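Have the model open beside you and take your time with it. Here is a friendly walk through a few of its parts.

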Amino acid sequence: MQPRNMSMSGVVDLAAVKAAGEAKAKAEQARAEAARQAAQGGGAGPAPGAVPPSALVFDADEAGFERDVLQLSAEVPVVLDFWAEWCQPCKQLSPLLERLTVEANGRFVLAKVDVDANQMLMQQFQIQGIPAVFAVVAGQVLPLFQGVAPEQQIRDTLAQLVQVAEERFGIIGLEVDPNAEGATGSAPAEAPAGPHDALLEAAVVALDAGDLGGAVQAYKNVLADDPGNTEAKLGLAQAELLARVQHMDPQQVRSAAAENPRDPAAQIAAADLDLVGGHVEDAFGRLVDTVKVTFGDDRDAVRLRLLELFEVIGADDPRVTAARTALARVLF
């Protein structure tokens with residue numbers, strides 16, 4: 001993973017050299033202080049300025065980007081999660097990133113950027129599809145990955161990020177004080193678990209572990225007892241989509257789709273890849289166009305896949321509404 005500069009014209013001057021030098025000095029001081037405390041037997045408690053765990057994950061926007069991301073990146077690597085409420089793959093990736101951030105205990109932080117509310121940032125980072133994940137270290141932008149990736153691959157990427165921050169910029173992250181919040185007052189009462197909460201939780205755990213078959217079965221178990229469960233319907237559609245694309249060769253799939261515009265199987269596979277990559281309108285448009293040029297069982301197979309992809313995004317999304325209208329025009 002090699003760092004590279006990205007044009008941020010219109011946002012702020014990154015001032016990378018200065019930030020790296022200051023970060024290196026801070027890191028050396030922190031290491032010296034840690035060594036001193038260890039020599040004295042430790043037990044000194046969290047360092048002054050230690051942050052609570054809740055500060056490790058936060059929302060970022062255009063107005064506060066310089067303060068909340070660029071300046072902070074001189075002290076700790078800032079991972080940027082570009083997401084949107086309508087993006088179902090984002091709803092799988094974001095909780096995983098949040099969990100890994102908490103596990104890292106201050107070695108990096110996670111800034112969540114809603115692309116619908118921050119169009120300028122999306123343009124500045126030249127994002128073509130979401131979810132998209134970047135990092136900023138000492139003002140330097142590092143592209144990490146786009147779309148949903150297996151947990152171990154994400155862990156490896158974040159480990160490389162931490163290594164780059166330490167070795168190239170001397171940044172060792174933040175001190176975290178687990179007792180900084182919730183020390184006074186009683187903990188909030190937990191809501192009673194619903195009848196299918198355990199199964200839904202099992203599905204989420206399976207997704208996080210990359211066990212897509214287990215997640216599909218867990219969602220199906222919920223729907224067997226509660227066919228109208230919206231969360232299980234959306235989760236099942238998402239898990240089945242991820243299972244379909246898990247072992248695809250993207251280059252081969254897209255080449256086959258380009259060479260065979262009337263082949264329903266080729267277009268269906270490419271549409272699945274489009275959706276996982278966050279290219280929702282491309283996926284829908286591809287299948288609507290394929291319905292136009294197919295007949296009989298082939299047309300029905302394409303139509304049914306399009307309906308399945310509608311489930312992944314959600315019926316209330318305006319792009320689903322538009323695609324339903326386009327499909328109706330083709331069919332009728």
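What follows goes from the whole chain to its strands, its cores, a helix pair and two single residues.

**The whole chain**

First, a word of care: this is a predicted model. The chain holds 13 helices and five strands. Of its 332 residues, 46% are buried. If you take contacts between residues at least 6 apart in sequence, 71% of them join residues at least 24 apart.

**A covered strand**

Start with strand β4, which covers residues 132-137. Six of its six residues are buried, so "mostly covered" is a fair description of this strand. As a general point, side chains in a regular strand alternate between the two faces of the sheet. In β4, A132, F134 and V136 point one way, while V133, A135 and V137 point the other way. Whichever way they point, all of these residues are buried.

β4 also has partners. Strand β2 (residues 78-83) runs antiparallel to β4 and is joined to it by five bridges. Strand β5 (residues 140-146) pairs with β4 in the antiparallel sense too, over six bridges. Here are the two pairings with one bridge from each:

| Pairing | Bridges | One bridge pair |
|---|---|---|
| β2 and β4 | five bridges | L80 and F134 |
| β4 and β5 | six bridges | A135 and L142 |

β4 and β5 form a hairpin with two residues between the strands. Look at A138 there, as A138 takes a positive phi near 50°.

**Two nonpolar cores**

In soluble globular proteins, nonpolar side chains tend to be buried together. In this model, the largest nonpolar core has 75 residues. Which residues have the most contacts inside it? They are L80, F82, F125, I130, L275 and F284. L80 is the residue whose bridge partner in β4 is F134.

L275 is a good one to click on. Setting aside residues up to four places away in sequence, L275 touches P89, L241, V280, A283, F284, L309, V312 and I313. There is also a second, separate core of 24 residues, which includes F108, L142, F145 and I171. L142 is the bridge partner of A135 in β5.

**Two helices side by side**

Now turn to helix α10 (residues 264-276) and helix α12 (residues 296-313). How do they lie relative to each other? Their axes come within 10 Å and cross at roughly 10°, and α10 and α12 are therefore roughly parallel to each other. On the α10 side, the contact is made by P264, I268, A271, D272 and L275. On the α12 side, it is made by D298, A301, V302, R305, L309, V312 and I313. Sorted by type, the residues of this contact are nine nonpolar, no polar and three charged.

**Two residues to zoom in on**

R305 sits in helix α12. Is R305 buried or exposed? It has a relative accessible area of 16%, under the 20% cut-off, so R305 counts as buried. Beyond its neighbours within four places in sequence, R305 is in contact with R244, I268, D272 and L287. I268 and D272 are on the α10 side of the helix contact.

T101 is found in helix α3 (residues 88-104). T101 has a relative accessible area of 1% and is buried. Leaving aside neighbours within four places in sequence, T101 is in contact with L56, V57, F108, V109 and L110. F108 is one of the residues of the second core. T101 and V79 are 22 residues apart along the chain, and their C-alpha atoms are separated by 9.0 Å.

Note on methods. Residues numbered from 1 in each chain as written. Predicted model: local features only at pLDDT ≥ 70, side-chain atom pairs only at ≥ 80, totals over all residues. Heavy atoms only, no water. Axes fitted to C-alpha atoms, helices over the stretch in contact; angles between N-to-C directions. Helix = DSSP H or I, 4+ residues; strand = E, 2+ residues; numbered from the N terminus. Parallel < 35°, antiparallel > 145°, perpendicular 65-115°, else oblique. Contact = heavy atoms within 4.5 Å. Nonpolar A, V, L, I, M, F, W, Y, C, P; charged D, E, K, R; others polar. Buried < 20%, exposed > 50% of the residue type's maximum accessible area, 1.4 Å probe, protein only. Pairing = 2+ DSSP bridges. Core = buried A, V, L, I, M, F, W, Y, C linked by side-chain atoms within 4.5 Å.
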